[in-house]
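Please open the model in your viewer and keep the sequence panel beside it, since each stop on this tour begins with a selection.

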Amino acid sequence: VAVAQGPRVTDVQVDPAAAVAASGSRVILTTTQSLQKVDPSQVEVDPATPFTVDTSGRSVGVRFTLPLRDDTDYRITVNGVNGLGAGPASTLTETFRTPPLQAYLMQRGTPEGDTIFRTDLQGQAGLPVFVNPHIEDFRATANHLVISVRDGDTPRVIVTDPDGKNQRDIALPGPGYVTNLQSADRGERIGFTFSDADLGAAGGRESRLFTASAADDSPPVEVGLNGGDVRIADYRFVPDTDSMLVLTFDSRLLLTDAQGGNAAPLGSAVSIDGIARGSSVAIVERLEGIREIDLTDGSEQGLVDPVDPPGMAGRATPMPGAGAGTIRSFADISSDGVSRSTIVSHVDTDGTVRQLLSVPGSDTVLQTCVSPSGRYAAVLVAPRAVDNPFDRYQLPLPQRLLTHLVEVDTGQEIVALQGFDLSWCQVPPQ
């Protein structure tokens, strides 16, 4: 009877919460029969998103190569599924709904101290999860919060559970300064730069790159680089790999593994704008302009010029996936040099510019980040920059900060949240 009916689903494995947080989540359909290999052309995912397919025994798995959109109904249809024996083909269908997206956000100088909140996208359910008198920066990994604090002159990097509990310290290389805390696009890998406290004319470590895992107690490992200046000006984790793109003080752009022993030179650069989740294409600024570099083969091309830009173009934040465009800020400056506004826009791959947010000239845009699925853009703004003084932290920031959330497809602003360091941002404000 089972053979006559064709394969039928007996079990489904899916984690919708993990699917909106990071790439690589899977839906596994287990059937009544061992299956012939399923080709990707037999699979439909609605709403459309990139995926891969694998078949093993009685199961077929659909792996999403990008995070999914939050608060959305998804349907997976597998057509023409055949068992290894005789019998008709069948169609397998599974539906699930992803949960609303949540994020972490930090506020300095609250009455309780510097505070990391977990919040929804409406800003109505903010829950404090970690408080400390002096938080420099933090990042969220798949299963932990990693927080850079200072106790007087002593740096600490603290790892907690997502709810701020079970604190433990990462062993640092010594007394000094921790800067540029970053996290990989998924998993538990983090990085930071470290400088010795007694750095001076006699020497010492300055802006050395270290990596560690938030999942265990192993000490950080220094990423060693051969030749030239080994001080790190900036770096990025390459999505879905063990590689890192680093920029040294002497403007060398290098692609290296976590140990740094096999660094491949990629010429010189001024800055690294970013690497989109689910992509191997880095956007970097060279002296000749902004370039897209394919890190799989080193080939490159100029970033497409925006058509009819509304002002002077700034740095480009890549959208998740290949061919999704960028988020760019344009400075609208009058003929007498006065800033009238900053216009944050989506720039498509053909150069089409679509406005997302207009920020008054009295305010300053400090950072733009994109949610894991690319559905939302987060724009960090310092209101009234003239009378908004910077604090005295190692990572100095204006005392009043707002994070504006905008839906990229519609250009609709969702909310403006008080604070900075939204956990979608894998790098600190720069």
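The tour below goes through a few selected residues, one stop at a time.

Bear in mind throughout that this is a predicted model.

**First stop: the disulfide**

Select C369 and C425, which are joined by a disulfide with an S to S distance of 2.0 Å; a search of the whole structure finds 1 disulfide. Which parts of the chain does this pair tie together? C369 belongs to strand 31, residues 364-370, while C425 sits in the segment that follows strand 34 (413-418), so the link connects parts that are 56 residues apart in sequence. If you look along the S-S bond, the angle about it is 120 degrees, and the link of C369 and C425 is right-handed. Are these two cysteines buried or exposed? C369 is buried, at a relative accessible area of 7%, and C425 also counts as buried, with a relative accessibility of 4%.

**Next stop: A378**

Now select A378, which you will find in strand 32, residues 376-382. Its relative accessible area is 3%, and because the cut-off for buried is under 20%, A378 is classed as buried. Showing the contacts of A378 beyond its neighbours within four places in sequence brings you back to C369 of the disulfide, together with Q367, T368, T403, H404, L405, L422 and W424. For a distance to draw, take A378 and E413, whose C-alpha atoms are 9.8 Å apart in space and which are separated by 35 residues in sequence.

**Next stop: I414**

Move on to I414, which is found in strand 34. Here the relative accessible area is 30%, and I414 is therefore partly exposed. Which residues does I414 touch, once its neighbours within four places in sequence are set aside? Its contacts are L121, Q122, Y376, L405, V406 and E407. Of these, L405 also appears among the contacts of A378. Measuring from C-alpha to C-alpha in the viewer, you can check that I414 and Q122 lie 7.0 Å apart in space, although 292 residues separate them in sequence.

**Last stop: T160**

Finally, select T160 in strand 13, which spans residues 154-160. With a relative accessibility of 0%, T160 counts as buried. To see what surrounds this residue, leave out its neighbours within four places in sequence and display F130, N143, H144, L145, I147, K165, N166 and Q167, with which T160 is in contact.

Technical notes:
Residues are numbered from 1 along each chain as its sequence is written. This is a predicted model: local features need pLDDT of at least 70, side-chain atom pairs count only at pLDDT 80 or more; totals for chains, interfaces and linings use all residues. Side-chain values use heavy atoms; hydrogens and water are left out. A disulfide is a pair of cysteine sulfur atoms within 2.5 Å. Helices (H or I, at least four residues) and strands (E, at least two) are DSSP runs, numbered from the N terminus. Buried means under 20% relative accessible area, exposed over 50%, partly exposed in between (1.4 Å probe, protein chains only). Contact means heavy atoms within 4.5 Å.
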